[in-house]
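Biologist: Could you take one part of this model and walk me through it closely? I'd like to hear how the pieces sit together, not just a list.

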Amino acid sequence: MSGLAMPKPDAETMRRRAEIVADMRIIVPGEGVVDAANEMRAFETDGLTAYRQSPLVVVLPETVAQVSRVLKYCNERNIRVVPRGSGTSLSGGALPLEDAVLLVMSRFNRILAIDYPNRVVVAQPGVTNLGITTAVEQEGFYYAPDPSSQIACSIGGNVAENSGGVHCLKYGLTANNVLGIEMVLMNGEVVRLGGSHLDQAGYDLLGVMTGSEGLLGVVSEVTVRILKKPETARALLIGFPTSEQGGQCVADIIGAGIIPGGMEMMDRPAIHAAEDFVHAGYPLDVEALLIVELDGPSVEVDHLIGLVEAIAYRNGSTTCRISQSEEERLSFWAGRKAAFPAVGRISPDYYCMDGTIPRKELPRVLAGMRGLSEKYGLGVANVFHAGDGNLHPLILYDANVPGELDKAENFGADILRLCVEVGGVLTGEHGVGIEKRDLMPEMFNQIDLDQQMRVKCAFDPNHLLNPGKVFPQLRRCAELGRMHVHRGQVAFPDIPRF
């Protein structure tokens, strides 16, 4: 796997594979266990397809009791487990391990409760992101976070990665829209965090779990907030001669106190790829395209459209289209939503990055990426959530050309280093996984990483859940020093512990 260091397979686990598979069939009967090599190929990678690995065995439970028994069994026998949702992770978070049970939650695909008066939906983790909106839209509601993969990605995976989407600027990420979860710990214990209420006392364990990338527990139920659809939603399609002008327009819109429902930006390669793919009517003579959506009461939206249009022209926009119907608004977004598959038509392979920067640094970072593109001799198409500075550069390469994957990886690493250098962070919504794992020291010192590892150890002391992800050093919790218990007493017994 391109020289990527992963935990060495445990020889004892590999020796006992047949026994483990047989025991899994007892816990999850029927067709819930997949162990044939050719059938497991469907699970050997996730959205980061540059890396592939066949798992020890694939287990697809249908009940919380089965999940609990699988985890307890593996915990007692020191067997690693990799949780997986729909497999759309773009950071390698669901990459299997050779000696690990791949625990796939896709059969948990039912919506359990819809509470319109309290604007709450309770769903199993395998329900797709878009499936929640589909279930409530007939009553005029929707679920706000909307990643581009929303037709396929699961709500449990959204919790694991703290996914965002084009409307996260105004309505927040998954963390801002999840009220509670049920989760299964590595020892098989089932616990609930949060619920249908707004907040809970004590440690923010729900916040810890959201974005934990499968390292702390397996989500078995999710309670989310749904919103009433706005009275009006309209979008502006604004073209600029340079990306720098588009970036300045973004800063000026936010600086004017306007918070759009969504604000996305694409550069010339992404614009042309998207237009060729979906024929959304994008202008092809611009270097940057900004999509700004405004929602709310119609009077307010009309007023804000005028303000945004004026800001755009002050920043040198050469074209500005305002949607006149719902169909036209959706067509504006169609190209942006299809940008990733569209770019796949112009390059044999692409490497999708995910970093976040302060908005004011957008021109500097775009210029830096152009320089890196020349340095590595690889093209790059930019698609990003402009409002919150979440960049998604798509590095274009051909995996069949020797050395190009390595160049793409190094190119991507330099982009992320640049993001950190200007005051940004390594990831906005895709997670760390294996893709950014070895770049964590660029952002965190050893004290920071040790503290994060201690949280991991509190939930999973044997380091069996999704090992080899997020943390740059492959270590055990014992290396940090376990909590010391003397004569049945822990230090500082008055401190509440999980």
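Modeller: Here is a close look at one helix, H5, followed by a few other spots worth a glance. Keep in mind that this is a predicted model.

Let's start with H5 itself, which covers residues 129–136. Which of its residues are buried? Asn 129, Ile 132, Thr 133 and Val 136 are. Looking down the axis of H5, those buried residues fall within an arc of 95 degrees, so they line one face of the helix. There's a general pattern behind that: an α-helix has 3.6 residues a turn, so residues three or four places apart point the same way.

What do the buried residues of H5 pack against? Quite a list: the strands are E5 (111–115), E6 (120–123), E7 (141–142) and E10 (218–225), and helix H6 (155–161) joins them.

H6 leads on to a backbone oddity. The loop between H6 and helix H7 (168–171) holds Asn 162, and this residue has a positive phi of about 50 degrees although it isn't a glycine. For context, most residues other than glycine have a negative phi. Is Asn 162 buried or exposed? Its relative accessibility is 17%, and with the cut-off for buried at under 20%, Asn 162 counts as buried.

Another asparagine makes a good companion case. Asn 78 has a phi near 60 degrees, again a positive value in a non-glycine residue. Asn 78 sits in the loop between helix H4 (64–76) and strand E3 (80–84). Its relative accessible area is 36%, which makes Asn 78 partly exposed.

Positive phi also turns up at a glycine, in a hairpin. Strands E8 (residues 178–184) and E9 (residues 190–194) pair in the antiparallel sense over 5 bridges, and Met 183 stands opposite Val 191 in E9. The hairpin has 5 residues between its two strands, and Gly 188 in the turn has a positive phi of about 95 degrees.

Last stop, a helix pair further along the chain. H14 (residues 362–376) packs with H15 (residues 404–421) at an angle of about 155 degrees, the axes being 10 Å apart. That angle makes H14 roughly antiparallel to H15, and the crossing of the two is right-handed. On the H14 side, the residues in contact include Arg 364, Val 365, Met 369 and Leu 372; on the H15 side, Phe 411, Asp 414, Ile 415 and Leu 418 are among them.

Terms used. Residues are numbered from 1 along each chain as its sequence is written. This is a predicted model: local features need pLDDT of at least 70, side-chain atom pairs count only at pLDDT 80 or more; totals for chains, interfaces and linings use all residues. Side-chain values use heavy atoms; hydrogens and water are left out. Buried means under 20% relative accessible area, exposed over 50%, partly exposed in between (1.4 Å probe, protein chains only). Helices (H or I, at least four residues) and strands (E, at least two) are DSSP runs, numbered from the N terminus. The arc is that of the directions from the helix axis to the C-beta atoms. Contact means heavy atoms within 4.5 Å. Two strands pair if DSSP finds at least two bridges between them. Axes are lines fitted to C-alpha atoms, for helices over the stretch in contact, and angles run from 0 to 180 degrees between N-to-C directions. Angles under 35 degrees count as roughly parallel, over 145 as roughly antiparallel, 65 to 115 as roughly perpendicular and the rest as oblique. A crossing is left-handed if the near helix is turned anticlockwise from the far one by less than a right angle, and right-handed if clockwise.
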